[in-house]
Amino acid sequence: RLGNTPLLSAADKLHRYHLKGAFMSLWKLCRKTLVKNLMSSKPSLWIFKIYKLGYYLSLQKEQENRFSI
């Protein structure tokens, strides 16, 4: 395990409170806007954290789908 980082803690809380699906739906809707902000001259650190969490969860889901029968 990677340890207890803020990213992993947030992912765990979303899973524990059954909010992962809702977060991912919202993340998919807003992803282009998030990237636009991140590529701007004054990117938001908070938006970067949200984007990073969504990206991590999407990779996690992709991995789960790959190994499920």
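Colour the chain by confidence to start: α3 has the lowest confidence in the protein chain, with a mean of 93, while α2 has the highest, at 97. You are looking at a predicted model, and its average pLDDT across the protein chain is 92. Of the residues, 96% score at least 70.

**The whole chain**

Switch to cartoon and zoom out. The protein chain holds three helices and zero strands, so there is not much to sort out in the pattern, which reads α-α-α along the sequence. Turn on a bounding box if your viewer has one: along the principal axes, the C-alpha atoms fill roughly 45 × 25 × 20 Å. There are 69 residues in the protein chain, and buried ones make up 16% of them. If you draw a contact map, look at pairs at least 6 apart in sequence; 59% of those contacts join residues at least 24 apart.

**Helix α3, end to end**

Now select residues 45–67, which is helix α3. How far apart are its end C-alpha atoms? Put a distance on them and you should get 33 Å. That agrees with expectation, because 23 residues at 1.5 Å a residue should also span 33 Å.

Step back one residue from the start of the helix and show S44 as sticks. S44 caps the N-terminal end of α3. The pair to click is a side-chain oxygen of S44 and the backbone nitrogen of W46, which lie 3.3 Å apart.

Next, which residues of α3 are buried? Select I47, L53, G54 and L57 and you have them. Their packing partners are on both of the other helices, α1 (6–16) and α2 (20–38).

While you are in α3, pick out F48. F48 is partly exposed, since its relative accessible area is 38%. Draw a line from the F48 C-alpha to that of N37: the two are eleven residues apart along the chain, and the separation is 8.8 Å.

Further along α3 sits K61. With a relative accessibility of 48%, K61 counts as partly exposed, because the cut-off for exposed is over 50%. From the C-alpha of K61 to that of L29 is 17 Å, with the two positions 32 residues apart in sequence terms.

**Where α1 meets α3**

Hide α2 for a moment and look at the other pair. α1 and α3 pack with their axes 10 Å apart, at an angle of about 65°. The crossing of α1 past α3 is right-handed. Show side chains for the contact: α1 brings L7, L8, A10, A11 and L14, and α3 brings K52, L53, Y56 and L57. Two of the names on the α3 side should look familiar, as L53 and L57 were among the buried residues.

It helps to remember the helix geometry when you look at which side chains line up. An α-helix has 3.6 residues a turn, so residues three or four places apart point the same way.

Keep A10 of α1 selected. Is A10 buried or partly exposed? A10 is partly exposed, because its relative accessible area is 29%. For a distance, go to K20, ten residues away in sequence: C-alpha to C-alpha, A10 and K20 are 10.0 Å apart.

**The loop and α2**

Bring α2 back and select H18, in the loop between α1 and α2. Check its backbone torsions: H18 is not a glycine, yet its phi is positive, at about 55°. H18 also counts as exposed, because its relative accessibility is 73%.

Last stop: K28, in helix α2. K28 is exposed as well, since its relative accessible area comes to 52%. Measure back to the loop to finish, and you will find 17 Å between the C-alpha atoms of K28 and H18, which are ten residues apart along the chain.

Definitions and conventions: Residues are numbered from 1 along each chain as its sequence is written. This is a predicted model: local features need pLDDT of at least 70, side-chain atom pairs count only at pLDDT 80 or more; totals for chains, interfaces and linings use all residues. Side-chain values use heavy atoms; hydrogens and water are left out. Helices (H or I, at least four residues) and strands (E, at least two) are DSSP runs, numbered from the N terminus. The expected span of a helix is 1.5 Å times one less than its number of residues. Buried means under 20% relative accessible area, exposed over 50%, partly exposed in between (1.4 Å probe, protein chains only). Contact means heavy atoms within 4.5 Å. A polar contact is a pair of N or O atoms within 3.5 Å; within protein, one must be able to donate a hydrogen and the other to accept it, and residues adjacent in sequence count only if both atoms are side-chain atoms. pLDDT is the predictor's confidence in each residue, from 0 to 100. Axes are lines fitted to C-alpha atoms, for helices over the stretch in contact, and angles run from 0 to 180 degrees between N-to-C directions. A crossing is left-handed if the near helix is turned anticlockwise from the far one by less than a right angle, and right-handed if clockwise.
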